[in-house]
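Hi everyone, thanks for making time. I'd like to walk you through a structure that is new to most of us, so please have a look at it while I talk.

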Amino acid sequence: MRVRRHVLSIAAVIASMALLGVAGSAHAAFPNFSGCTATNFEQDACLDIQNRRGTNINIKGFNVPLGESLEIRGTLRGNGTFTPLFVPPAGTNGFFARAVPVPGGLLGIEWIPGNSVLAITELAGPASAIRLNIITHDITIPVKVRLVNVLLGMDCHIGTTSRPVVLNLTPGTTSPPPPNRPISGSPGTETFTEYGVAFTGGINVDNSFAVPGATECGLGLGLINSLVNLRLRLPSAAGNNSTTVYNDVALRLAP
């Protein structure tokens, strides 16, 4: 199957990244096709999706700004379906993230010593869990969010690999359960380039996902799970949450 030129668009300080297992950092440049292994012109393409300012996730009215902290980069390999296989750069899962501060910290009062909390979005599963539909420009991606704080420890998560937050991001219009109402995104502006095609200023949205309660918060023992759940209003059923992802997308055809 020939990969269409249309492709969907899709928080621990920097020194802690290696310890946290976060491969690389997002947004050194755009587009960034490093690690792409596309070789078949008829079926393969290099993909780079970078989120931009304004990206956020909202849980029952509690807003966490993600900023320019996320990137999906790798190879799209045709497999005869509308969802080609996503192959990450060697040694990574193709999902790159940087830490972002949680507004108000752990207690909602940012100036209290030790209260600052950093959040890192992680892929919940293997790279193959990232599903891209080249016709609808939708993306399905399971994620979990690591919360890092001197009291929370390094293993505190919202979502797990077995019970992730499943995002179904679309540039179209959602059909959420109540009380949420439909919201719409945009595929962005298409521009043909010397390497292929780019979509800039895209908006992908989802407001149909559920968010589970916290796990292993409090030095990995779960001693502070209830405090995190109270602060972030968890668990939160589908219909109460939303995310808006502003992104730029680039696609380079194989040689």
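I'll go from confidence to the interior, then the surface, the charged pairs and a few backbone oddities.

First thing to keep in mind: this is a predicted model. The average pLDDT of the protein is 85, and 87% of the residues score at least 70. If you look for the extremes, strand 12, residues 165-169, has the highest confidence, with a mean of 97, while helix 1, residues 17-20, has the lowest, with a mean of 28. Residues 1-25 have a pLDDT below 50, although in the model this stretch still makes 88 contacts beyond near neighbours in sequence. Where pLDDT is low, the predicted coordinates should not be read in detail. I'll leave that stretch alone.

Now the overall make-up. What do we have in the way of helices and strands? Two helices and 16 strands. The protein has 255 residues, and 51% of them count as buried.

So let's go inside. The largest nonpolar core has 48 residues, and the members touching the most others are Ile141, Leu147, Leu152, Ile158 and Val228. Which strand gives this core its largest share? That's strand 10, residues 139-149, with five residues. Take isoleucine 141: leaving aside residues up to four places away in sequence, its contacts include Ile72, Phe95, Leu123 and Ala129. Val165, Val166, Leu167 and Leu169 are also among the residues that isoleucine 141 touches. There is also a second core, separate, with six residues, including Cys36, Ala38, Cys46 and Ala250.

Coming back out to the surface: the accessible area is about 11100 Å², and 58% of that belongs to carbon and sulfur atoms. Three leucines, Leu219, Leu221 and Leu223, make a nonpolar patch of about 380 Å² out there. Leucine 219 sits in the loop between strand 15 and helix 2. Why does leucine 219 count as exposed? Because its relative accessibility is 62%, and the cut-off for exposed is over 50%.

Next, charges. Side chains of opposite charge can pair when their charged atoms come close. How many salt bridges does a search of the whole structure find? Five, and I'll show you three.

Let's begin with arginine 52 and glutamate 68, whose side chains meet with an N to O distance of 3.8 Å. This pair links distant parts of the chain, 16 residues apart: arginine 52 is in the loop between strand 1 and strand 2, and glutamate 68 in the loop between strand 3 and strand 4. Arginine 52 counts as buried at 18% relative accessibility, whereas glutamate 68, at 30%, is partly exposed.

Then there's glutamate 71 with arginine 73, where the closest N and O atoms are 3.3 Å apart. Buried or exposed, would you say, for glutamate 71? Buried, at 1% relative accessibility. Arginine 73 is buried as well, with 8%.

The third one is arginine 146 with glutamate 122, and there the closest N and O atoms are 2.7 Å apart. Arginine 146 lies in strand 10 and glutamate 122 in strand 8, so the pair ties together parts that are 24 residues apart in sequence. Arginine 146 is buried, with a relative accessible area of 12%, and glutamate 122 is buried too, at 12%. One more thing on charges: salt bridges with shared partners join Arg52, Glu68 and Asp248 into one network.

Last stop, the backbone. Most residues other than glycine have a negative phi, and most peptide bonds are trans. Here are some exceptions. Proline 178 and proline 179 are joined by a cis peptide bond, with omega about 10°, and proline 179 is in the loop between strand 12 and strand 13. Another cis bond runs from leucine 234 to proline 235, with omega near -5°. You'll find proline 235 in the loop between helix 2 and strand 16.

That loop also holds arginine 233, whose phi is positive, near 60°. With a relative accessibility of 41%, arginine 233 is partly exposed. Histidine 137 has a positive phi too, near 65°, and lies in the loop between strand 9 and strand 10. Unlike a partly exposed residue, histidine 137 is buried, at 11%.

That's my tour, so over to you for questions.

Key: Residues are numbered from 1 along each chain as its sequence is written. This is a predicted model: local features need pLDDT of at least 70, side-chain atom pairs count only at pLDDT 80 or more; totals for chains, interfaces and linings use all residues. Side-chain values use heavy atoms; hydrogens and water are left out. pLDDT is the predictor's confidence in each residue, from 0 to 100. Helices (H or I, at least four residues) and strands (E, at least two) are DSSP runs, numbered from the N terminus. Contact means heavy atoms within 4.5 Å. A nonpolar core is a set of buried Ala, Val, Leu, Ile, Met, Phe, Trp, Tyr and Cys residues joined through side-chain atoms within 4.5 Å. Buried means under 20% relative accessible area, exposed over 50%, partly exposed in between (1.4 Å probe, protein chains only). Accessible areas come from the Shrake-Rupley method with a 1.4 Å probe; for residues, only the protein chains shown count as cover. Patches are made of residues with over 30% relative accessible area and no salt bridge: like charges are joined within 9 Å, nonpolar side chains (Val, Leu, Ile, Met, Phe, Trp, Tyr) within 5 Å. A salt bridge is a side-chain nitrogen of Lys or Arg within 4 Å of a carboxyl oxygen of Asp or Glu.
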